[in-house]
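These are my notebook entries on the structure shown below. I set down what I looked up, entry by entry.

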Amino acid sequence: MAEEKKLFKVTIDNITVEVEPGTSILNAARQIGGDVTPPAMCYYSKLKGSGGKCRTCLVEVAAGSTADPRPMPKLVASCRTNVMDGMIVKNITSEKVQDARAGVVEFLLINHPLDCPICDQAGECHLQDLSYEHGKEGTRFEFAKRTFKKHDLGPYIQLHMTRCILCYRCVFVAEQLTNKRVHGVLDRGDHAEIATYIEKALDNDFIGNVIDVCPVGALTDKTFRFKNRVWFTKPVNASCKCDKCSGKVHLWMRGDEVLRVTARKDQWGEVEEWICNTCRFERKDIKDWTIEGPVNVNRHSVISQGHYVGLKMPDETFSKVMNGRQPKLLMDIHSVSEVNKPNVNLAAIPGPAHSTDFDTKTGK
Amino acid sequence: MQSLTQRAKSVDRSPLSWLEKIYVWNIFKGMLITFGHIFKKKATIQYPEQTRPFSPVFRGLHVLNRDEEGRERCTACGLCAVACPAEAITMEAAERLPGEEKLYREEKYAARYEINMLRCIFCGLCEEACPKDAIYLSETFAPANFSRKSFIYGKPDLLIPDPVTKPEEFKEAKGLIEKKKKSKS
């Protein structure tokens, strides 16, 4: 007898959805989608054991279940709380949740340096989005923020420990994707930091994925470091034949330069398929990739500032008007610009550009 | 026909009087107005020598600012470029090398920074967007030029002189000693 699975009925913000037993409130809300989904800074559906650290996904449970309809006394972390049948959850409809979340964001930002102008993650940073959503982009914290000794994580991954919010996602990536984890969280409390205990480069084939899972700019791509702002690059779907990974990636391009390669991300900002280091760091040539088309960018994202979809280059009308005669003198000013020179390939520079890469051209 | 505005005046079509018919009288009346202007205050100014005062909110040519120690403030965050409605600003960033701390304020700086003054509409949104107080619109306008190519202003054109190494030029750029210099020359 095929046993029919009993589905749990949950109501989140007055929207009822039927989910399988054992689903967390966050995942039930993600099934509904849209605004009712609590934000998550540490939970990652593709990483086992993640969640429960950042507290941004707090929700109010107004009724525990049909059997026991008492409300839960405190706000609960929705990524770690499983649904019960007849549970009523309040997320955006609850004043308490919004207030608590704003407080959580402010606490996350206490030790987070507000150096978004320098940070490469700006524009696609979840913490940045979250703080602006809750109006906490400023800070009331007047004391010295915590600082750390600099750790070098090798030629590919740049660690900015001051920006870390200790979500542990990168630790889970190293634990679950690679066979030997060499980095982790050292020390406790205010001193807790992501590091390799003995100075060691992260060099596993899939370790580059820690960059994608990092919700803030603590782990960034050294090959993309300071090359361009995220919103001036255009993301395209691309694929390649890779023997290690699926080869399905987003390329972040400027013209024909591939400035950055990341894994494809879904609507929750989570990686769809992990990609290997070769794809991420080595294949910075347009010839390595098959371009499938532009990435669908959310209209509200700053990345959509680059209006590259349906871009129409204006025709040169001169020869049409002048019966096929070419102009004798073109007032072309584009040859003057020092920026984006066709003979300088930023993507070819392995790390961030320095004054040594530039001064031959500017003649300073 | 009903007039659309209050200012419309109907043309006087009454027959001319004798004085108006001899015509010289009207010429004389007109010349009187012309000569009267000789004694009035001049509306024109002798431009290159004299300039009109700008209002303090005038938005003119951009200046890339430095801090008190002479370090460049701009970190190439790109907010001015994304705020620019005319898309006149472009830049390329670079990382500060050890030993360049006196040149650049932050770890990252604009290695190249360009404003296309032909595209710029001097709206001042870049100034508003700048989180680092790095770009300001000054009280001068872009001087005329014979070629379009010279309207692409790069970093050497935009940066304010270093207040530490070139205090005189810095003060002049700030407009603090500008008047003194002008009267001397």
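Entry 1, contact between the chains. I took two residues to be in contact if their C-beta atoms, placed from the backbone, lie within 7 Å. I note at the outset that this is a predicted model. On that criterion I found that chain A gives 22 residues to the contact and chain B gives 24 residues. I then sorted the side of chain A that touches chain B by residue type: 13 residues are nonpolar, five are polar and four are charged.

Entry 2, the sheet of chain A. I traced five strands of chain A that form an open sheet with mixed pairing, in the order β2-β1-β5-β3-β4. I recorded β2 (15–19) and β4 (76–77) of chain A as the edge strands, each of which pairs on one side only. I next examined strand β1 (residues 8–12) and strand β5 (residues 87–90) of chain A, which pair in the parallel sense over three bridges. Within β5(A), I located Met87(A) opposite Val10(A).

Entry 3, the nonpolar core. Which residues touch the most other members of the largest nonpolar core? I found Cys170(A) and Val210(A), in a core of 110 residues. I asked next which element gives the most to this core, and recorded helix α4 (residues 169–177) of chain A, with six residues. I also noted that domain 1 (8–108) and domain 2 (140–221) of chain A each supply at least three residues to this core. In general, nonpolar side chains in soluble globular proteins tend to be buried together.

Entry 4, the surroundings of Cys170(A). I listed the contacts of Cys170(A), leaving out residues up to four places away in sequence. Val210(A) is one of them, and the list also holds Ile194(A), Val213(A), Cys214(A) and Leu219(A).

Entry 5, the make-up of chain B. I counted seven helices and five strands in chain B. Reading from the N terminus, I wrote down the order of its elements as α-α-β-α-β-β-α-β-β-α-α-α.

Entry 6, the dimensions of chain B. I compared the radius of gyration of chain B, 27 Å, with the value near 16 Å for a compact globule of 185 residues. Along its principal axes, I found that the C-alpha trace of chain B spans about 95 × 50 × 30 Å. I recorded 23% of the 185 residues of chain B as buried. Finally, I considered contacts in chain B between residues at least 6 apart in sequence, of which 69% join residues at least 24 apart.

Methods: Residues are numbered from 1 along each chain as its sequence is written. Chains are lettered from A and ligands numbered from 1 in the order in which they are written. This is a predicted model: local features need pLDDT of at least 70, side-chain atom pairs count only at pLDDT 80 or more; totals for chains, interfaces and linings use all residues. A nonpolar core is a set of buried Ala, Val, Leu, Ile, Met, Phe, Trp, Tyr and Cys residues joined through C-beta atoms within 7 Å. A residue is buried if 20 or more other C-beta atoms lie within 10 Å of its own, exposed if 12 or fewer, and partly exposed in between; C-beta atoms are placed from the backbone. Helices (H or I, at least four residues) and strands (E, at least two) are DSSP runs, numbered from the N terminus. Domain bounds come from an automatic or database domain assignment. The radius of gyration is taken over C-alpha atoms; the globule rule is 2.2 Å times the number of residues to the power 0.38. Ala, Val, Leu, Ile, Met, Phe, Trp, Tyr, Cys and Pro count as nonpolar, Asp, Glu, Lys and Arg as charged, and the others, Gly among them, as polar. Two strands pair if DSSP finds at least two bridges between them.
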